[in-house]
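Trainee: I'd like to learn how to read a ligand site and a couple of sheets. Can you walk me through an example?

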Amino acid sequence: MDVIAQISEIVGPNAVLIDEADMQGFVVEWRDKFFGKARAVVQPKTTEEVAEVVKICAASKTPLVPQGGNTSLVGGSIPFTGGDEIILSLSRMNTIRDVDPLNGTMTVDAGCILANLQQAALEKGFHFPLRIGSEGSCQIGGNISTNAGGVQVLHYGNAREQVLGLEVVLPDGRIWDGLTSLRKDNTGYDLKQLFIGAEGTLGIVTGAVVKMYPEPKYTQIALVAIPSVEAAVEFLSLARQMSGDQVTAIELISRYCIDMVVRHVPNFTDPMPTRYDWHLLVELSSSSTPTLKELMENILAEGLEKGIVLDAIVPASEAQQQRLWNLREEISGAQKPEGGSIKHDISVPVSRFADFIREADNAVAKIVPDFRSVAFGHIGDGNVHYNPMQPADMDREKYLSHWEEISRVVHDIAVNMRGSISAEHGIGRLKADDLVHYKSEVEIELMRKIKKAFDPDGIMNPGKLLK
Ligand SMILES: Cc1cc2nc3c(=O)[nH]c(=O)nc-3n(C[C@H](O)[C@H](O)[C@H](O)COP(=O)(O)OP(=O)(O)OC[C@H]3O[C@@H](n4cnc5c(N)ncnc54)[C@H](O)[C@@H]3O)c2cc1C
């Protein structure tokens, strides 16, 4: 029997899409950067169904592309154009299996939308700390498979640090039940770590046990004008010391980023009455300290004294606080109408952040002299979205033709600082060549051996992450 017919018998014909029109939303990526062609989209409802589907694919050596919310931006969830790959969508596996307040954990299906996990935790008085712009559509299985970050990594860590246990369907169709909720387990290799950040190349994550934290009942935001990027790093250190580590987010925002948002987001006015070059959006949170506004003001006063703060807005109401978060969240979208930008998602040691921006700006200026520097992001994690923008009067395509040349110098600078070419979004298709270029021979050899050990026939998301 044909592979698609066999799979239909397992999941039911309604859970197998084969018409091009029905598959359209699954073969195009969020930014329209990657397109593909699939033989079918399969939407199983249970782990057992996933296992049976994978067994059929293993027997026929049919390549599979696991897909969550399809928000990753690097092409990992999109098939190539050959039309022989099957997309395995986790969207119908969306049950929160258990919330355990005493253990501080949730056990969830991989297809649960991230925002639904945050809500489920909140309903029990807890906090699930992965906070990313795509949280309304990305899935926890995708977050785990990309080791997602976001704005609260500084305080809580990235996806890797939220996972206690995993359930995975292996490339031969066996189910590995590693759904432990233990915080201590020193019994050899920690297998779950291999699947976290594997971008679907070692197996299909079907379930997870994740940590919950006490709900931060009190939060205080401030938009802080600072004299330089160096001052940002000093301010972070000061704020952590003075708050007893209650800084839950700190985002760097350049003047040009604010200008873009004001220009392109309807009804958005500049919150800062005076123009400064650099700003920080700082968040303090606590489950027990209601006096965070006072604490924030004390930190800012100390910063002023030290010359690392120039000005600040400390909003009193929640609505005003949200408005400042909107400023940060609108930056990505506001870049598009400004023209072409060459995007990088790099990380460097926090102490090298300012050096990175200076060196990268100098290097890009040698290639395109009048480019506009766009840098924003999670400075507390040393992670900057460094997206040099075309000069205002340059042709977009002409500027974008410099993509490889500019990316190479930017990545070289980050790697020379022992940084990373992908801090958050992963490798996917976009950076598969770069991975081989920048990792050492030993690393690539070990990665290939791991891939071979799990997936000897190479059916699990072939050509992604590791070529
Ligand atoms: C507006 C916006 C803002 C964003 N902000 C951030 C941010 O702040 N931080 C950040 O880290 N990322 C961010 N991202 C990127 C993206 O949302 C994350 O990478 C997210 O974790 C991807 O989840 P997903 O469910 O959409 O996965 P997908 O895009 O569907 O898949 C991503 C990869 O994981 C694999 N995969 C998916 N599900 C599974 C599974 N169950 N088992 C095995 N493999 C699987 C896929 O094959 C693919 O290789 C942002 C994206 C957008 C569009």
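Mentor: We'll take the ligand site, then the two sheets. Keep in mind that this is a predicted model.

Trainee: Let's start with the ligand. How many residues surround the ligand, and which are the closest?

Mentor: Begin with the shell. Here 35 residues surround the ligand, and the closest are Pro66, Gly68, Gly69, Thr71 and Ser134. Then sort them by character: ten are nonpolar, 23 polar and two charged.

Trainee: Which polar atoms of the protein should I look at around it?

Mentor: Look for pairs of N or O atoms within 3.5 Å. An oxygen atom of the ligand sits 2.8 Å from a polar backbone atom of asparagine 70. On the side-chain end of things, a ligand nitrogen is 3.0 Å from an N or O atom of serine 145, and a ligand nitrogen lies 2.9 Å from a polar side-chain atom of glutamate 424.

Trainee: How much of the ligand does the protein bury?

Mentor: Taken alone, the ligand exposes 980 Å², and the protein buries 94% of that. As for the elements, those giving two or more residues to the shell are strand S3 (64-67), helix H5 (140-146) and strand S10 (204-211). H5 gives the most, with five residues.

Trainee: On to sheets. What holds the strands together?

Mentor: Strands of a sheet pair through backbone hydrogen bonds, either parallel or antiparallel. In this model, seven strands form an open sheet in the order S15-S12-S14-S13-S17-S18-S16, with antiparallel pairing.

Trainee: Why do S15 and S16 each have one side without a neighbour in the sheet?

Mentor: S15 (311-313) and S16 (345-347) stand at the edges with a single partner strand each, so one side of each is left without a neighbour. The twist from one strand to the next averages 20 degrees.

Trainee: How do I check a pairing at the level of residues?

Mentor: Follow the bridges. Three of them join S16 to S18 (residues 383-386), and these strands run antiparallel. For isoleucine 346, the bridge partner in S18 is valine 384.

Trainee: Which helices pack on that sheet?

Mentor: Helix H9 (residues 229-243) does, touching S12 (218-226), S13 (247-254) and S14 (278-286), and its direction makes about 165 degrees with that of S13. Helix H13 (residues 353-367) packs on the sheet too, touching S13, S14, S16, S17 (375-378) and S18, with its direction at about 20 degrees to that of S18.

Trainee: And the other sheet?

Mentor: Four strands form an open sheet in the order S1-S2-S4-S3, and the pairing is mixed. S1 (16-17) and S3 are the edge strands, each pairing on one side only. Inside, four bridges join S2 (residues 38-42) to S4 (residues 85-89), which run parallel; alanine 38 has glutamate 85 as its bridge partner in S4.

Trainee: Where does helix H1 lie?

Mentor: H1 (residues 3-11) lies across S1, S2 and S4, running at about 5 degrees to S2. Helix H3 (residues 47-60) also packs on the sheet, touching S2, S3 and S4, and its direction makes about 170 degrees with that of S4.

How values were computed. Residues are numbered from 1 along each chain as its sequence is written. This is a predicted model: local features need pLDDT of at least 70, side-chain atom pairs count only at pLDDT 80 or more; totals for chains, interfaces and linings use all residues. Side-chain values use heavy atoms; hydrogens and water are left out. A residue is near a molecule or strand if one of its heavy atoms lies within 4 Å of it. A polar contact is a pair of N or O atoms within 3.5 Å; within protein, one must be able to donate a hydrogen and the other to accept it, and residues adjacent in sequence count only if both atoms are side-chain atoms. Accessible areas come from the Shrake-Rupley method with a 1.4 Å probe; for residues, only the protein chains shown count as cover. Ala, Val, Leu, Ile, Met, Phe, Trp, Tyr, Cys and Pro count as nonpolar, Asp, Glu, Lys and Arg as charged, and the others, Gly among them, as polar. Two strands pair if DSSP finds at least two bridges between them. Axes are lines fitted to C-alpha atoms, for helices over the stretch in contact, and angles run from 0 to 180 degrees between N-to-C directions. Contact means heavy atoms within 4.5 Å.
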